[in-house]
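Reader: Please show me the model and take me through its helices.

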Amino acid sequence: MPAKPKIIVAIPTRDRPNYLNATVLSVCRQAETFGHNIEVVVSDAASKRAKAAKNAELMARLRKKFPSVPIHYYPPGRVAPLKRLLEAASIGEKNSFRELTSARGHWGSHRNRLALLAAFHGGEDAVFLHLDDDTPLFRLVRGRLKKNPRDELSLFLKGFRQARANGRVGYGGTIVGVPDAFTSVGDPHQRKRLSVVLKLDARTYSEGHGGSARILSFEGLQVPYKPFGISEDVEHCFRIGFLESGSVGGLGEIPMAMHIGVMGAKSPRRARNIKLNASRNAGLEDAYLFWPYLVEKASKLGAVARH
């Protein structure tokens, strides 16, 4: 692997344009400051067209600001790469796409869609950094967003190389001193700017805060998420089975995905929701079987498009 390989930064988003803008901005600054070869792929599951339009506008501004960093934004629906993929897919692959990227699904379904788009742009030789839309790589200092002087991407690449040397498909860790999902989950006012939210409780959103991320090989990208559920990140780590975990920037060893929240579940209904989602995820063995071929086909179609 080259010293600075192509990194596909894969970001899912839904109805959080301010967080998304901050995250993509921070990634572009990392590339500009430290010379990384990155492409950003954003998959949007916006609930309304106006919110998708806002994200598209923000990403267009960032393209102009960082012309050397390709930023690919995909609104909800059958976007061009997915249309081409389905035209070339077998019956089994089409069924896998329908089951595992269903609009009826939850975050796992959305992340599967993102994986196909990431494979299309990255190919088999890229590495894939998965960031949530609310994990900007800015430093948090007393509740304020500051420029990050640390090369976070090189630290993740270091962990990734170690993981590959140990026979694992990727590396998952905590980025110390940056925001993460706790910030947005605790924010009842999504219209507020991220910096405003952070200042509401500077004691919580301080230097000690951290955000989780994972960097995977193409092999890891071929492992699908379960489409239904409220904690798909945890489930996906178990499905991969051999993901190396650790920390970036000073925290000790941590269980992977230990701080993934349960999104959208009210406590009185939680047990019922978990049981319902388990039944929805049952019987998808054939879909899982065809998924790696679908991801590989997306990669090959992308290679044709690039050349």
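Some questions and answers on this protein follow.

Author: This is a predicted model, where local features need pLDDT of at least 70, side-chain atom pairs count only at pLDDT 80 or more, and totals for chains, interfaces and linings use all residues. Residues are numbered from 1 along each chain as its sequence is written, and side-chain values use heavy atoms, with hydrogens and water left out.

Reader: How many helices and strands does the protein have?

Author: Helices (H or I, at least four residues) and strands (E, at least two) are DSSP runs, numbered from the N terminus. The protein comes to twelve helices and nine strands.

Reader: What span is expected for helix H2?

Author: The rule is 1.5 Å times one less than the number of residues. H2 covers residues 49-65, which makes 17 residues. Its first and last C-alpha atoms lie 25 Å apart, close to the expected 24 Å.

Reader: Why do the buried residues of H2 lie on the same side?

Author: Buried means under 20% relative accessible area, exposed over 50%, partly exposed in between (1.4 Å probe, protein chains only). In H2, Ala52, Asn55, Leu58, Met59 and Leu62 are buried. They share one side of H2 because, by directions from the helix axis to the C-beta atoms, they cover an arc of only 125°.

Reader: Which residues of H2 are exposed on the other side?

Author: The buried side has cover that includes strand E1 (7-13), helix H1 (17-34), strand E2 (38-44) and strand E3 (71-74). On the other side, the exposed residues are Arg49, Ala50 and Lys64.

Reader: Which residue follows H1?

Author: H1 has 18 residues, and its end C-alpha atoms are 26 Å apart. The residue after H1 has a positive phi, near 75°; it is Gly35.

Note on methods:
Contact means heavy atoms within 4.5 Å.
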